[in-house]
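Let's walk through this one together, starting with a helix and moving on to charged side chains. Have the structure open as you read.

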Amino acid sequence: MARVYDTFIAGGPVMWPLLGLSIVTLACALERAWFWFQLLSKEDRIVREVLAAARFDLAKAANIAYQAQSLPIGRFLLAPLKLNQPTPETFRLAMEAAGDKEFTQMRKGDKLLETVVALAPLLGLLGTVTGLIGTFNNLNIGGGTTAEATRAAAGIGEALITTAAGMIVAITALIFFRIFVSLQSQQIDYFSEVGSELELIYRQTWYEPMLSSVGQNSIRGNG
């Protein structure tokens, strides 16, 4: 632990903002990891229950989605089910609007991670440059001893610590960013698949029979 602290201090003042970026990255990653764990561990069950109920009772399906509205999939499914006898077009529009809103929430933290990926290497490079400037300013060119040359080499090595630290922070943030983007892409496809299936159930089980019933009643009335 003492060696880590000594290495950190040797990196110079730039190590402090890099430490701040690493803490922010870790906090964002933990928050997003918990979000995705909650969603991925529960959404399949919720979808199965809602789709199964929708074939027999839309009110029951809406109630299941309502109880799961703490999750994006619950809010997505609830949006069309809470409407009162919508047309298929209105049904689909409600899902699309809810889906767009949820996808925006899923991207929470992306801008922060992108900023860390771009900023951390630059801070590392800045620390290296300022460290090298200080090293060469203290170097006695032409009259230096072996001890001074050794100290200069050590100073250059310490200056490179910030570059390594900046790259580590940036790479870590990039890994988290790519994982979350991949999960977002999978969810867009999943929401589209689930939404299409729910819309098909609504059309075939509820809307089209309702139109047929209305048409038959109209013919009988004219007769």
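What follows is a short tour of one helix and some salt bridges.

A bit of housekeeping: this is a predicted model, where local features need pLDDT of at least 70, side-chain atom pairs count only at pLDDT 80 or more, and totals for chains, interfaces and linings use all residues. Residues are numbered from 1 along each chain as its sequence is written, and side-chain values use heavy atoms, with hydrogens and water left out.

Take helix α3, residues 58-67, first (helices are DSSP runs of H or I, at least four residues, numbered from the N terminus). Its buried residues are A61, A62, I64 and A65 (buried means under 20% relative accessible area, exposed over 50%, partly exposed in between, with a 1.4 Å probe and protein chains only). These residues cover an arc of only 160° around the axis, so they sit on the same side of α3 (the arc is that of the directions from the helix axis to the C-beta atoms). On the other side, A59, K60 and Q67 are exposed.

Now for the charges. The structure holds seven salt bridges (a side-chain nitrogen of Lys or Arg within 4 Å of a carboxyl oxygen of Asp or Glu). One of them pairs R92 with E199 at 2.8 Å, N to O. Because R92 lies in helix α5 and E199 in helix α7, this pair ties together parts that are 107 residues apart in sequence. E199 also forms a salt bridge with R203, with the closest N and O atoms 3.3 Å apart. Shared partners join R92, E199 and R203 into one network. In that network, E199 is buried at 11% relative accessible area.

Conventions: Helices (H or I, at least four residues) and strands (E, at least two) are DSSP runs, numbered from the N terminus.
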